[in-house]
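Biologist: I'd like to learn how to read a few features off a model. Can you show me the structure and walk me through them?

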Amino acid sequence: MATTITLLWAQDRSGAIGRANTIPWHVPEDMRRFRELTGTHPVVMGRKTWESLPDRFRPLPNRRNVVITRSAALDAAGAEIVHTLDDALELITGPVTVIGGGQIYEVAMTSATHLRVTEIDMLVESADTFAPEIDPYVWDTSDTGEWQTSSTGTRYRFVDYVRHALVRG
Ligand SMILES: NC(=O)c1ccc[n+]([C@@H]2O[C@H](COP(=O)([O-])OP(=O)(O)OC[C@H]3O[C@@H](n4cnc5c(N)ncnc54)[C@H](OP(=O)(O)O)[C@@H]3O)[C@@H](O)[C@H]2O)c1
């Protein structure tokens, strides 16, 4: 069974995370943080996020890739297929990172223990996928990073959250 369940995403100022099954910005520093934080731990994702990964990163290397789908016929070479989030969490021992997308974050918010959010200082036009609401009655901010400027010119910062119950017992 998964121990810590971290949801990891990047969002714009309106909470947008995606458009047309892509991530609508390029911030290599955030990609680097993604690699550092997910490490070799198992990752869980929805079928659409799996399909949005570039071929050369699918499956994400050196870790278990678990894909959630309602389909009985999904062909996802290199991934383990499950049909519910609970099945995914049962499959995994130790820390797990949920890496999207919008539908799966929404489902996973009730079991998540930690959120690691990259705030991207832009407003994406025609976004079609959004991060879940972070309820301040449920989540404490554990770390708010300084605003930084990417090599691509985009401003961003990292904000981490921990579920209240974990810090207050
Ligand atoms: N900015 C970020 O950090 C970030 C991170 C990840 C993804 N994204 C973006 O998010 C978008 C994709 O997100 P999305 O919300 O459209 O899709 P998603 O959450 O990646 O995947 C949705 C799919 O997951 C399966 N699913 C969802 N809920 C389920 C449930 N309760 N039980 C069983 N299966 C379930 C279904 O697959 P089937 O249809 O196969 O049944 C559904 O179509 C893309 O634009 C991607 O680039 C952004």
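Modeller: Let's start with Gly101, which is found in the loop between strand S6 (94-98) and H4. Helices (H or I, at least four residues) and strands (E, at least two) are DSSP runs, numbered from the N terminus. Keep in mind that this is a predicted model, where local features need pLDDT of at least 70, side-chain atom pairs count only at pLDDT 80 or more, and totals for chains, interfaces and linings use all residues. Residues are numbered from 1 along each chain as its sequence is written, and side-chain values use heavy atoms, with hydrogens and water left out.

Biologist: What kind of peptide bond joins Gly100 and Gly101?

Modeller: A cis one, with omega about -5°. Another cis peptide bond joins Arg58 and Pro59, with omega about 0°. Pro59 lies in the loop between H2 and strand S4 (65-68).

Biologist: And which ligand atom lies 2.9 Å from a backbone N or O atom of Gly101?

Modeller: An oxygen atom. A polar contact is a pair of N or O atoms within 3.5 Å; within protein, one must be able to donate a hydrogen and the other to accept it, and residues adjacent in sequence count only if both atoms are side-chain atoms. Gln103 has a backbone N or O atom 2.8 Å from a ligand oxygen, while for Ala10 the partner is a ligand nitrogen, also at 2.8 Å.

Biologist: How many residues surround the ligand?

Modeller: 27, if you count a residue as near when one of its heavy atoms lies within 4 Å. The closest are Arg47, Thr49, Thr69, Arg70 and Gln103. H4 gives the largest share of that shell, 5 residues. S1, strand S2 (16-18), helix H2 (47-52) and helix H4 (102-108) each supply at least two.

Biologist: Now Ile5 in strand S1 (residues 2-11): buried or exposed?

Modeller: Buried means under 20% relative accessible area, exposed over 50%, partly exposed in between (1.4 Å probe, protein chains only). Ile5 comes out at 7%, so we call it buried. Taking contact as heavy atoms within 4.5 Å, and leaving aside neighbours within four places in sequence, Ile5 touches Leu89, Val96, Val98, Ser111, Ala112, Thr113 and His114.

Biologist: What about phi of Ala20?

Modeller: Phi of Ala20 is near 50°, a positive value in a residue other than glycine. Ala20 sits in the loop between S2 and helix H1 (28-38), and its relative accessible area of 60% makes it exposed. Ser126 also has a positive phi, about 60°, without being a glycine. You'll find Ser126 in the loop between strand S7 (114-120) and strand S8 (129-130), exposed at 61%.
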